[in-house]
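Got your viewer open and a selection box ready? Here is a short walk through the model, one stop at a time.

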4 protein chains.
Amino acid sequence: MAKPEIAKLGHAALVSTDLEKSLWFFKEIVGLEETAAIDGVHYLRAWGDFQHHTLSIEQGDSSYVKRIGWRTKTNDCVLGFKELLQQAEVVVEEFPKGTTPGIGDAVRFQLPSGHTFELYYDVEKPDAASEYKSILKNQVYKAHRKGTSPRRFDHVNIHTSTNANYTFDFLLDTLGFNLREYVKGEEGILAGWMSVTSLVHDVALVQKPTLPSKARVHHISYWLDNSQDILRAADILREQGIPFIGPGKHGISQAIYLYVIDPGSGCRVELFSGGYLIFEPDWEPIEWTRDEQLTVGNTYWGDSVQDKELNNITIEAR
Amino acid sequence: MAKPEIAKLGHAALVSTDLEKSLWFFKEIVGLEETAAIDGVHYLRAWGDFQHHTLSIEQGDSSYVKRIGWRTKTNDCVLGFKELLQQAEVVVEEFPKGTTPGIGDAVRFQLPSGHTFELYYDVEKPDAASEYKSILKNQVYKAHRKGTSPRRFDHVNIHTSTNANYTFDFLLDTLGFNLREYVKGEEGILAGWMSVTSLVHDVALVQKPTLPSKARVHHISYWLDNSQDILRAADILREQGIPFIGPGKHGISQAIYLYVIDPGSGCRVELFSGGYLIFEPDWEPIEWTRDEQLTVGNTYWGDSVQDKELNNITIEAR
Amino acid sequence: MAKPEIAKLGHAALVSTDLEKSLWFFKEIVGLEETAAIDGVHYLRAWGDFQHHTLSIEQGDSSYVKRIGWRTKTNDCVLGFKELLQQAEVVVEEFPKGTTPGIGDAVRFQLPSGHTFELYYDVEKPDAASEYKSILKNQVYKAHRKGTSPRRFDHVNIHTSTNANYTFDFLLDTLGFNLREYVKGEEGILAGWMSVTSLVHDVALVQKPTLPSKARVHHISYWLDNSQDILRAADILREQGIPFIGPGKHGISQAIYLYVIDPGSGCRVELFSGGYLIFEPDWEPIEWTRDEQLTVGNTYWGDSVQDKELNNITIEAR
Amino acid sequence: MAKPEIAKLGHAALVSTDLEKSLWFFKEIVGLEETAAIDGVHYLRAWGDFQHHTLSIEQGDSSYVKRIGWRTKTNDCVLGFKELLQQAEVVVEEFPKGTTPGIGDAVRFQLPSGHTFELYYDVEKPDAASEYKSILKNQVYKAHRKGTSPRRFDHVNIHTSTNANYTFDFLLDTLGFNLREYVKGEEGILAGWMSVTSLVHDVALVQKPTLPSKARVHHISYWLDNSQDILRAADILREQGIPFIGPGKHGISQAIYLYVIDPGSGCRVELFSGGYLIFEPDWEPIEWTRDEQLTVGNTYWGDSVQDKELNNITIEAR
């Protein structure tokens with residue numbers, strides 16, 4: 001069969017030591033909508049997310065990201081990836097439809113970095129409750145109902161203390177991601193922004209030897225339509241006493257950002273707008289030196305992510 | 001070989017009866033940059049367009065759109081499409097690299113509606129002049145230098161007085177576009193928004209029996225990052241005495257729009273922001289009835305495109 | 001004593017035939033906060049309004065604006081105006097502190113046009129409930145909590161079927177308003193924008209012979225910080241099925257506007273941003289001809305207020 | 001006669017060691033318009049400034065602010081202030097109309113802090129050149145023509161190494177400013193924001209013992225209509241390699257700011273938007289402790305002004 005392909009980022013599954021606070025943060029402050037709550041797991045999405053959920057949250061003894069889910073291009077791609085991964089001697093587990101509410105037959109496996117990825121094609125696309133349903137046939141919920149009100153789930157940023165080259169190879173060669181921008185160190189790529197879509201990144205991977213554990217998530221990200229929405233979000237977060245970095249603009253990816261920590265789980269969320277789209281079929285990955293990253297790549301302008309303790313916070317991934 | 005694929009919209013080639021006025025409009029008011037002027041043809045692009053040009057303008061005895069260009073996914077796709085088209089008994093002309101500055105080997109043919117499309121893979125990606133070059137490695141020009149300052153070329157909207165079903169079939173089946181949203185009439189699709197990218201439309205096609213000629217272009221479109229930029233553009237255009245429709249928001253595509261006519265050629269330009277992206281691999285085309293189109297599809301809010309004389313202006317396509 | 005002076009617009013007192021719907025509209029959709037509800041009257045203000053309330057709403061058999069309140073510059077100005085008005089043979093009624101919750105000793109009288117004005121100096125400035133209180137000492141509530149979320153009450157626009165010249169004279173000469181912009185007809189001012197503050201208008205007066213009664217209110221207005229907030233408000237209103245005119249930009253006053261009708265009372269509200277401030281001590285009132293008003297004064301760009309049935313809706317004033 | 005009153009901030013007169021670079025910065029980057037250049041002095045204003053100029057720049061051997069000009073409420077106020085100042089034993093110099101182009105009869109004197117203030121009533125209000133003139137009768141120039149494009153001159157922020165209490169008393173008691181917000185130290189006001197208009201400050205005064213000379217200007221400020229305009233300004237400045245602090249939001253005054261240094265003179269400019277207006281006649285000055293200033297007053301969110309070397313740059317005032 002043809003090489004299996006990933007279509008898009010699907011969801012992140014989060015475990016929180018303080019579920020109630022995490023739900024308050026993601027529902028009332030970030031402004032996500034809850035699709036369902038089943039067996040203690042809450043399924044959330046943004047007003048413009050089309051599928052069942054893009055974030056799940058449940059209570060746990062420690063906080064961590066259980067899993068990052070991806071939709072494949074076709075149903076056959078799920079098994080296609082299973083075979084491909086097994087050929088590469090990656091352990092793959094299969095989960096039948098409904099194991100996770102809203103998600104079809106799935107396979108799970110670990111990246112060399114230790115992060116768990118899940119692949120599936122089928123998803124449920126439930127309507128919004130009639131009270132909250134948009135009058136637009138191409139939009140799930142009414143926008144601007146509460147909180148910062150992002151439109152959609154955008155990307156994940158994962159960190160590893162291992163040699164990232166193995167994971168970059170795996171993401172690019174086996175999973176089919178395209179490298180869009182990267183920071184080059186002496187022994188390879190230190191940080192890379194990769195996508196299967198026209199976004200600059202569906203996933204970013206950063207190598208950092210000093211992490212508290214092997215596999216970490218630096219942030220998950222939701223997208224807002226306008227840069228002013230980021231300033232509005234800053235007002236909202238500041239009034240709630242929730243610390244954040246930003247607003248600022250990355251040179252790499254051109255994203256206008258706000259980094260905020262979920263006070264329940266410690267999981268960082270990037271609220272962002274701006275950025276650019278890549279439609280060119282012959283995109284040459286943009287190479288940044290470590291020095292360029294520090295002078296313009298990380299922060300083109302604004303509240304710098306560098307040298308901030310808050311920027312070192314990551315959450316475990318399993 | 002595998003089915004050839006289009007990667008993205010490339011450019012529009014415009015002929016104007018008043019070149020000087022068109023250049024003033026597109027360069028000073030819209031705010032495009034000029035890459036080159038060769039043999040009387042001016043090659044323009046927006047500050048975030050990566051390729052040689054996205055619009056060309058030249059003097060002519062009448063104003064019309066000569067050609068709409070598209071980049072294919074690989075070099076082989078150009079010949080792949082040639083074969084495919086010839087099998088379908090479409091007349092295809094070949095043009096060697098350099099026939100159009102900045103563009104590689106190309107084939108040209110007409111849609112059933114009479115619009116000329118051009119397919120090519122290779123493009124030059126010239127740097128900006130050092131004075132205007134962005135300090136960002138992922139951006140061509142400094143932004144916000146003049147005029148409304150859009151980021152990139154976005155889509156084209158073409159009209160036909162013929163039965164559009166033939167052209168829809170051709171675009172979807174032969175050229176591989178995906179139908180994203182459409183208005184359904186009794187005898188088929190009256191208007192359709194189609195893309196090969198994650199945009200809701202790279203091209204829209206509308207059937208309108210009353211056009212002055214068979215093949216028309218309703219507008220070409222450039223994208224601005226923020227909805228406020230559309231309001232700023234309105235200020236700029238109003239002060240120059242250039243008529244426009246908008247600002248408003250389409251229900252279909254969710255675009256925030258301003259429609260303005262190039263006073264040189266009569267070609268309409270849509271300055272737009274907002275909209276949404278489609279990453280779902282199983283996107284169900286959104287169907288709108290004619291009534292829904294009129295009540296919410298065309299204008300979700302704002303200055304309505306309906307019943308405005310200005311909205312009936314189209315330019316000939318050859 | 002010195003000539004008494006008005007400092008600023010204070011509040012509007014609204015009677016609604018559907019109190020519940022009006023409260024839903026002003027609290028949930030516009031996004032005002034409720035300070036108090038006493039004897040069936042609800043007292044509302046925006047998150048940046050410093051005084052007790054800027055809008056009151058109560059149930060009635062018909063919908064109308066009972067009263068428009070103004071703060072004077074000093075306490076003595078209240079009696080100063082009383083004397084001045086009585087000298088001018090205007091009937092003045094006195095109301096002791098507390099007649100209206102949050103408002104001190106007041107006098108009430110009618111303009112020649114029949115609109116009731118109230119003057120007072122003392123106001124209560126209650127804190128927000130701790131949950132909603134801003135962490136800023138110069139801001140009453142946290143912003144962006146719900147609805148369109150305007151910052152403050154801004155102005156009122158009143159209409160009269162009488163010869164407006166008497167009322168203009170009264171507002172300018174007796175009450176001390178400054179004329180900022182006006183439309184000149186053959187027999188005097190047809191429409192005038194007047195202020196005691198640096199705003200272009202705290203009150204606008206329009207002469208219109210065809211009104212259903214002598215004294216009408218065309219709209220009350222709340223101010224939003226950014227023009228993008230007006231577009232966000234349009235999304236919110238459209239999703240609720242509440243009709244509005246706009247977004248557009250007035251030439252006169254340079255305001256970016258949205259006109260929306262309270263579905264409970266029929267009272268129009270202008271949500272607006274932009275505009276300019278007048279600090280010049282020798283401001284020459286801007287004169288517009290009726291023709292200039294129609295071509296650029298009413299609508300500089302956007303969804304035109306002219307020729308719209310919705311724009312003819314006014315509410316009675318007593 | 002009645003107590004003389006100041007109506008508004010008029011202009012700042014700047015001397016630059018690099019006139020050419022300062023003109024490039026203020027005209028091309030900030031985006032001011034030039035009204036006149038007479039005897040080597042260039043007179044600039046923003047597109048929405050109504051008077052002849054709000055900034056003058058000339059070449060000098062050192063860079064400093066020569067003078068800060070204010071318009072009085074009436075012509076009589078100029079002489080009224082002269083008498084009042086002389087009674088207070090302040091040295092006052094008179095300058096006849098035309099000494100400074102565009103400005104009428106004026107008096108000059110020094111604050112106790114050593115800053116030179118000028119008072120005048122008459123100003124010329126020249127039209128824009130027809131090419132640049134707005135079609136709006138209430139706006140001088142077309143907006144958005146170049147650079148960051150602020151609407152109007154807003155305020156000045158002056159620093160003193162002397163005991164500021166004398167200068168605060170002088171500004172409040174003799175010149176009639178209203179204290180709007182202030183930071184209280186053990187021996188009085190450390191920093192105060194004062195206005196004669198509805199702005200939170202036309203002038204701010206800060207006491208700082210460590211200044212390189214007695215009288216300094218921390219910044220002059222121009223106002224932009226929307227907070228997004230500040231982000232656009234950041235893009236423009238970053239691309240030109242001009243260092244700045246921001247974007248951020250002050251708690252005190254609620255201003256959204258960008259602080260940028262004129263590379264010609266070293267004079268800081270605050271580009272700002274947001275903020276709030278004070279119309280209350282009984283405004284209680286907002287008191288901030290030094291600790292509150294540091295935690296929320298200086299920076300509510302964003303790129304902090306504290307602990308930045310760039311924030312210590314001031315320019316001499318004579």
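What follows is a tour of a predicted model, going from whole chains down to single residues.

**Stop one: chains A and B.** Start by colouring these two separately. Chain A lays onto chain B with an RMSD of 0.0 Å after a turn of 180° and a shift of 0.0 Å along the axis. That is how a two-fold axis relates its copies. To find the axis on screen, select Asn226(A): of the residues of chain A, its C-alpha comes closest to the rotation axis, at 2.6 Å. Now look at the interface residues of chain A: 100% of them are interface residues in chain B too, so the copies meet through the same surface.

**Stop two: where C touches A.** Bring in chain C. Eleven of its residues are in contact with eleven residues of chain A. On the chain C side, that makes three nonpolar, four polar and four charged residues.

**Stop three: helix H4 in chain A.** Select residues 227–239 of chain A, which make up H4(A). Is this helix covered or open? Mostly covered: 13 of its 13 residues are buried. Try a ruler on it as well: at 1.5 Å a residue, its 13 residues should span 18 Å, and the end C-alpha atoms are 19 Å apart, which agrees. Just after H4(A) sits Gly241(A), with a positive phi of about 70°.

**Stop four: the cis peptides.** Step along to Gly246(A) and Pro247(A), which are joined by a cis peptide bond with omega at about 0°. Pro247(A) belongs to strand E14 (residues 244–249) of chain A. Hop over to chain C and you'll find a cis bond between Gly246(C) and Pro247(C), again with omega about 0°.

**Stop five: strands in chain C.** Pick E11(C), residues 188–195; six of its eight residues are buried. On one side, E10(C) (residues 178–185) pairs with E11(C) in the antiparallel sense over seven bridges, and the two form a hairpin with two residues between them. Show Lys184(C) and you can trace its bridge to Ile189(C). E11(C) also pairs antiparallel with E12(C) (residues 203–207), over four bridges; there, Trp193(C) has Ala204(C) as its bridge partner.

**Last stop: two odd backbones.** Which non-glycine residues have a positive phi? Glu89(B) is one, at about 65°, in the loop between H2 and E6 of chain B. Glu89(B) is exposed, with 6 other C-beta atoms within 10 Å. His144(C) is another, at about 60°, in the loop between E8 and E9 of chain C. With 22 C-beta neighbours inside 10 Å, His144(C) counts as buried.

Note on methods: Residues are numbered from 1 along each chain as its sequence is written. Chains are lettered from A and ligands numbered from 1 in the order in which they are written. This is a predicted model: local features need pLDDT of at least 70, side-chain atom pairs count only at pLDDT 80 or more; totals for chains, interfaces and linings use all residues. Two residues are in contact if their C-beta atoms, placed from the backbone, lie within 7 Å. Ala, Val, Leu, Ile, Met, Phe, Trp, Tyr, Cys and Pro count as nonpolar, Asp, Glu, Lys and Arg as charged, and the others, Gly among them, as polar. Copies are superposed by least squares on the C-alpha atoms of residues with pLDDT of at least 70 in both. A residue is buried if 20 or more other C-beta atoms lie within 10 Å of its own, exposed if 12 or fewer, and partly exposed in between; C-beta atoms are placed from the backbone. Two strands pair if DSSP finds at least two bridges between them. The expected span of a helix is 1.5 Å times one less than its number of residues.
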